[in-house]
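Me: I'm new to this one and would like to find my way around. Could we go through it together, question by question?

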Amino acid sequence: MFESRSEKIFVSGITIVLILLSVIALIPLLSVISTSLSSKNAVDMNLVTLWPKQFTFDSWSYIIDRPDLWKSFFLTLVTTLIGTVLALLMTALLAYPLSKSEFRWGSVIMISVVIAMIFKAPIVPYFLTIRGIGLYDNPLVLIIPHILNPFNLIIMRTFFKQFSKELEEAALLEGCGYFRMLFQLVLPLSKAVLATLALFYGVVLWNQFQHPLLFLQNTDWFPLQIKIRQFITDDNVIMAGAASTVDLNYNERTLRAATVIFAILPIIMVYPFLQKYFVKGAMIGSVKG
C-alpha cells in the first residue's frame, strides 16, 4: 500500500521514539545484570555502569547454592502454574455463558463484574473475609484469591462473543453439549486469548507480594518475592552462610542484584513464546463487541 511522505515521517518518528523508550527501559535492567556479574571491589568503587567490571560469577554461585531461595522459587513456581490453570478454567467457565445473549442473567452478572472491577474491597473487610474462610497462614491464599479477575473475564467474554455461531449450532445439531463444546471446540480455537490471559494471571501470581505479606506468618510458605524483600532489606539474611573472609568476591549489592535477576528470569524466558499471541488476543478481546 502506498504511503505518503507525511505518513512515512510519522511512522519513522514513532519508531525512533519507541526505540528510545526501549533503550531507556533496558538501562536499569542492564545495570542490575552488570552489578551481579561484577566483583566486589568494582561495585564498591562505583565503577559498574552498563557493563560488568572484573567479571565474575561468584555472586551467582552463592545465590544458586542458597536452599531457602530455591524453596521459595519452587513454591512460587508451583503456585503460579496451578493458579494460572485454575484461573483460566474458572474464567472460561464463566465467560462462555456470559457471551451468550440467550443467557437470562448475563447482563446482571456482567454489571456485578464491572462493579467488582471498579470498586475494590477495602483492606480490612477483605482481610477479615480471607481469615474467615480459613486462608490465613494457609498456602492456598497464594492461589484462591487470584483465580478470577474481572478485567480478564471481560476480555475472554468479548473474545467468545465473536466466535462463529454457525459452528456452534452445527455442533449442537450433532448432539454436542455446552461443556463438550467449550472444551473440545471453543477453547482449542482460542489459543490467542488463552495465552494472553495466561501471561496476565501468571505475572500476577509470580509477583504477588501483598497477599503473602498480609496472610502468611509461617516462613516456610514465603514465596519468592517475600524472600527477595528479606534479601534486599536485611544484610544478615542475604549474607547468611557466607564465609567470613576478606577474600570474598561479592558483597550485599552484588548478591541483591543477582537475586533480582534470578526472580525475573522465568517471566522473561516465558514471554517470547507467548508474544505472538499476546497482541492478537488482547486486541480481539478488548476491541470487538
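**A walk through the model**

Reply: Sure, and let's start with a stretch where many side chains are tucked away: in H7, the buried residues are Pro 150, Asn 152, Leu 153, Ile 155, Met 156, Arg 157, Thr 158, Phe 159 and Phe 160. Keep in mind that this is a predicted model.

Me: Is H7 mostly covered or mostly exposed, and how many of its residues are buried?

Reply: H7 has twelve residues. A residue counts as buried under 20% relative accessible area. By that cut-off H7 is mostly covered, and its buried residues number nine of twelve.

Me: How far does H7 reach from its first C-alpha to its last?

Reply: For the twelve residues of H7, a rise of 1.5 Å a residue gives an expected 16 Å. The model comes close to that, with a reach from first C-alpha to last of 16 Å.

Me: Which residue has a side-chain oxygen that reaches a backbone nitrogen at the start of H7?

Reply: The backbone nitrogen belongs to Phe 151. The side-chain oxygen comes to within 2.9 Å of that nitrogen, and its owner is Asn 149.

Me: Let's zoom out. How many helices and strands does the chain have?

Reply: Reading along the sequence, the pattern is α-α-α-α-α-α-α-α-α-α-α-α-α-α. The secondary structure therefore comes to zero strands, with helices counted as DSSP runs of at least four residues. The number of helices is 14.

Me: What share of the chain's residues count as buried?

Reply: The chain has 289 residues. With buried taken as under 20% relative accessible area, the share comes to 38%.

Me: Which element has the highest mean pLDDT?

Reply: Over the chain, the mean pLDDT is 84, and 90% of the residues reach 70 or more. Among the elements, helix H13 (residues 235-238) has the lowest mean, 68. The highest mean, 92, belongs to H4.

Me: What volume does the largest pocket have, and which residues are closest to its centre?

Reply: The largest pocket holds about 780 Å³ of space. It is lined by 28 residues, and the closest to its centre are Lys 120, Tyr 126, Pro 145, Leu 148 and Pro 150.

Me: Which elements give two or more residues to the lining of the largest pocket?

Reply: By class, this lining has 21 nonpolar, six polar and one charged residues. The elements that give two or more residues to it are H5, H6, H7, H10 and H11.

Me: And the second largest pocket: how many charged residues are in its lining?

Reply: This pocket has a volume of about 260 Å³. Its lining has 14 residues, with Thr 80, Leu 81, Gly 202, Ile 267 and Val 270 closest to the centre. H4, H10 and helix H14 (252-287) each give two or more residues to that lining. By class there are eleven nonpolar and three polar residues, and the number of charged ones is zero.

Me: Is Arg 66 buried or exposed?

Reply: Arg 66 sits in the loop between helix H3 (58-64) and helix H4 (67-98). Its side chain makes a polar contact with the side chain of Asp 68, at 2.8 Å. Because its relative accessibility is 6%, Arg 66 counts as buried.

Me: What is the phi of Gln 54?

Reply: Most residues other than glycine have a negative phi. Gln 54 lies in the loop between helix H2 (40-44) and H3, and at 45% relative accessibility it counts as partly exposed. Gln 54 is not a glycine, yet its phi is positive, near 55 degrees.

Me: Where is Asp 137, and what is its phi?

Reply: Asp 137 is in the loop between H6 and H7. At 31% relative accessibility, Asp 137 counts as partly exposed. Although it is not a glycine, its phi is positive, at about 55 degrees.

Me: How far apart in space are Lys 227 and Phe 73?

Reply: Lys 227 belongs to helix H12 (residues 224-233) and, at 10% relative accessibility, counts as buried. Lys 227 and Phe 73 are 154 residues apart in sequence, while their C-alpha to C-alpha distance is 9.0 Å.

Me: What separates the C-alpha atoms of Ile 144 and Gly 83?

Reply: Ile 144 is in the loop between H6 and H7 and counts as partly exposed, at 39% relative accessibility. Ile 144 and Gly 83 are 61 residues apart along the chain, and their C-alpha atoms are separated by 7.4 Å.

Terms used: Residues numbered from 1 in each chain as written. Predicted model: local features only at pLDDT ≥ 70, side-chain atom pairs only at ≥ 80, totals over all residues. Heavy atoms only, no water. Buried < 20%, exposed > 50% of the residue type's maximum accessible area, 1.4 Å probe, protein only. Polar contact = N/O pair within 3.5 Å; in protein donor to acceptor, adjacent residues only side chain to side chain. 1 Å grid on protein atoms, 1.4 Å probe; cavity = no way out; pocket = protein on both sides within 12 Å on 5 of 7 lines; lining within 4 Å. Points joined across faces, edges and corners; volume = space filled by probe spheres on them. Nonpolar A, V, L, I, M, F, W, Y, C, P; charged D, E, K, R; others polar. Expected span 1.5 Å × (residues − 1). pLDDT = per-residue confidence, 0-100.
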